[in-house]
Amino acid sequence: MARTRGKTDRQGAWRALLARLSLPEMEAWSNTVRTLFLNALFLLAVVVVVPILVGQFRRDQVIIEPIAVPETLADQGLTPEVVASRVWDGLSDVEAAAKTSKEKLSAIPDARRVQFSFPDSGFSIESLVFHVRKLFNAYETRIAGEFVCGDTRCEREGMRLRLRVIRDDVKLVDLPPIGAADERGYFRDAAAAVLAELDPFTALAATAQTQPLKATILARRLIRSRHADAKWAHNLIGTIRVDEMDYKAAIGEFRAALELDADFKPSLANLGNALARSGDAAGAREEFDRLKAIDPRNVLAAEGLADLALAAGDPDGAVKQLMDAAEWDPLSPRYYAKAGKIELDAGHRQEGEALLTRALEIDPGYLPAFAFLAAQHLARDDYAGAERLYRDAADYAPDDAEAQMSEGRILAILHRCDDAIPRFQRAVTLAPQVVDHRRQLAECQVTAGKPEQALETVAAALALDPTNADLYMIQANGLRDLGRKPEAVAAYRKFLEFDRQNSVMRPVAEKFIELLSAS
């Protein structure tokens with residue numbers, strides 16, 4: 001009986017298994033699995049794609065489209081894509097000139113955008129974002145335009161750039177003809193005009209150093225129009241007033257900015273500095289402490305407190321604050337250099353030089369650290385040690401003409417004119433209109449026994465400044481070394497003619513005229 005029941009149970013289980021493996025059951029099971037898989041895939045797509053869409057939708061990126069150009073410009077290498085990149089460069093130049101910590105405009109040429117699309121589908125994230133923006137009337141900002149010919153000949157000098165800033169409406173930006181304008185400066189002006197539409201504060205801040213009155217007037221307009229950047233405008237006017245040493249007016253502007261945003265860190269730091277300069281140390285400390293409460297690792301607060309400590313006769317406290325700032329901003333040489341100068345002034349030469357060296361390890365061309373440390377070497381007549389600093393600075397900034405000249409000068413002092421000449425030549429290449437660079441190069445060429453090269457250098461310099469007496473003295477010395485006495489005498493006479501300050505070299509020139517004329 002038990003066997004019969006067990007056999008019956010096995011048969012029933014087998015029949016149930018066969019029923020499950022039947023085609024209708026398999027189809028139902030596969031439909032369920034497929035549904036689950038598709039739902040999971042859809043959920044994954046939502047999790048991945050939706051944040052991307054939201055991020056793209058919220059980002060107000062400015063796209064610079066290729067700028068149409070006449071064939072004459074394209075033949076010179078200014079293709080539509082290149083011009084778009086030049087406008088991009090101009091935006092970067094204006095933003096750099098603004099020297100503001102305000103968030104910068106996000107712009108990119110259309111040709112440089114990385115676009116993602118699914119293979120063989122024609123579907124891309126960009127197209128999806130475009131249609132979503134279109135649905136909500138939230139259009140992406142675009143810059144388009146073209147170069148317009150001035151006449152039928154369409155010569156470069158007569159062309160002018162017309163740009164369109166396209167959002168929900170279109171703003172036209174017309175530039176004057178190119179003429180003889182510097183190309184980079186022309187596109188910088190174009191970018192400034194574009195920013196006047198897209199980010200007026202950055203555009204006006206870029207003029208604060210060169211045109212403070214104009215920047216102040218434009219900032220006042222932003223404030224009166226209740227622009228979103230009104231607090232930045234108050235802060236900018238305050239910094240202009242500080243530069244003019246009108247601390248009372250500056251303090252008023254910084255306080256006005258803080259009325260709009262009580263936690264506005266740039267104005268808190270600037271207010272503290274303005275109060276300190278006006279003699280209100282207690283008020284300054286209060287503002288720096290307030291800033292530090294908002295941002296405990298704020299380097300501006302630490303530097304401000306360091307200045308207050310130094311003014312109170314506490315150099316050790318000042319150095320401690322600056323070392324904290326250096327730790328919080330490890331890529332800036334400013335705080336090590338400032339601490340090093342305090343140590344030097346306190347008579348701690350080794351500690352000061354060590355801190356200045358650390359600053360130069362971050363940026364070998366950082367002028368304050370470089371100047372203080374080089375001065376220490378020169379004060380000890382350690383010209384070789386100073387030369388190493390100048391060399392590092394020149395190597396670090398190969399496109400800085402003054403850095404090359406400084407290295408060349410100290411090499412000349414060390415009587416290493418053969419090494420100095422390449423530095424001077426590099427400076428002349430970088431700044432061909434600076435006559436003094438050519439003069440010092442020619443002097444070194446004469447000293448190094450290369451009078452023919454010196455004469456060529458002097459000739460080029462005289463073409464720029466034909467009344468420079470020092471150039472005629474170098475020319476005369478080179479001609480004398482070559483044995484060309486009559487020409488040397490004529491050059492010495494030219495020196496006497498243009499030497500209006502009665503320099504110490506005047507008797508030397510007169511003596512050489514006498515000797516060369518007699519022989």
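R423 counts as buried, because its relative accessibility is 16%, which falls under the 20% limit for that class. In this predicted model, R423 belongs to helix α20, which covers residues 417–430. Beyond its neighbours within four places in sequence, R423 is in contact with R391, A394, D395, Q404, E407, G408 and L411.

**The chain as a whole**

The chain that holds this residue has 519 residues, and 39% of them are buried. Its secondary structure comes to 25 helices and five strands. When contacts between residues at least 6 apart in sequence are considered, 49% of them join residues at least 24 apart. The accessible surface of the chain is about 29,300 Å², and carbon and sulfur atoms account for 55% of that area.

**Empty space in the model**

Rolling a probe the size of a water molecule over the atoms shows where empty space is left. The largest pocket contains about 1,300 Å³ of space. This pocket is lined by 37 residues, of which T239, P266, N270, N273 and L300 are the closest to its centre. Several helices take part in the lining of the largest pocket, with α4 (80–98), α7 (200–205), α9 (230–243), α11 (265–277), α12 (281–294), α13 (299–311) and α15 (334–345) each supplying at least two residues. Among these contributors, α11 provides the largest share of the lining, namely eight residues.

A search of the whole structure for enclosed space finds one cavity of 30 Å³ or more. The largest cavity holds about 30 Å³ of space, and the residues that line this cavity are L78, R156, I178, E183, Y186 and F187.

The table sets out the classes of residue in the two linings.

| Lining | Nonpolar | Polar | Charged |
|---|---|---|---|
| Largest pocket | 19 residues | nine residues | nine residues |
| Largest cavity | four residues | no residues | two residues |

In the lining of the largest pocket, then, the 19 nonpolar residues are joined by nine polar and nine charged ones, whereas the lining of the largest cavity has four nonpolar and two charged residues and no polar residue.

Note on methods
Residues numbered from 1 in each chain as written. Predicted model: local features only at pLDDT ≥ 70, side-chain atom pairs only at ≥ 80, totals over all residues. Heavy atoms only, no water. 1 Å grid on protein atoms, 1.4 Å probe; cavity = no way out; pocket = protein on both sides within 12 Å on 5 of 7 lines; lining within 4 Å. Points joined across faces, edges and corners; volume = space filled by probe spheres on them. Nonpolar A, V, L, I, M, F, W, Y, C, P; charged D, E, K, R; others polar. Helix = DSSP H or I, 4+ residues; strand = E, 2+ residues; numbered from the N terminus. Buried < 20%, exposed > 50% of the residue type's maximum accessible area, 1.4 Å probe, protein only. Contact = heavy atoms within 4.5 Å. Areas by Shrake-Rupley, 256 points an atom, 1.4 Å probe, with all protein chains shown as cover.
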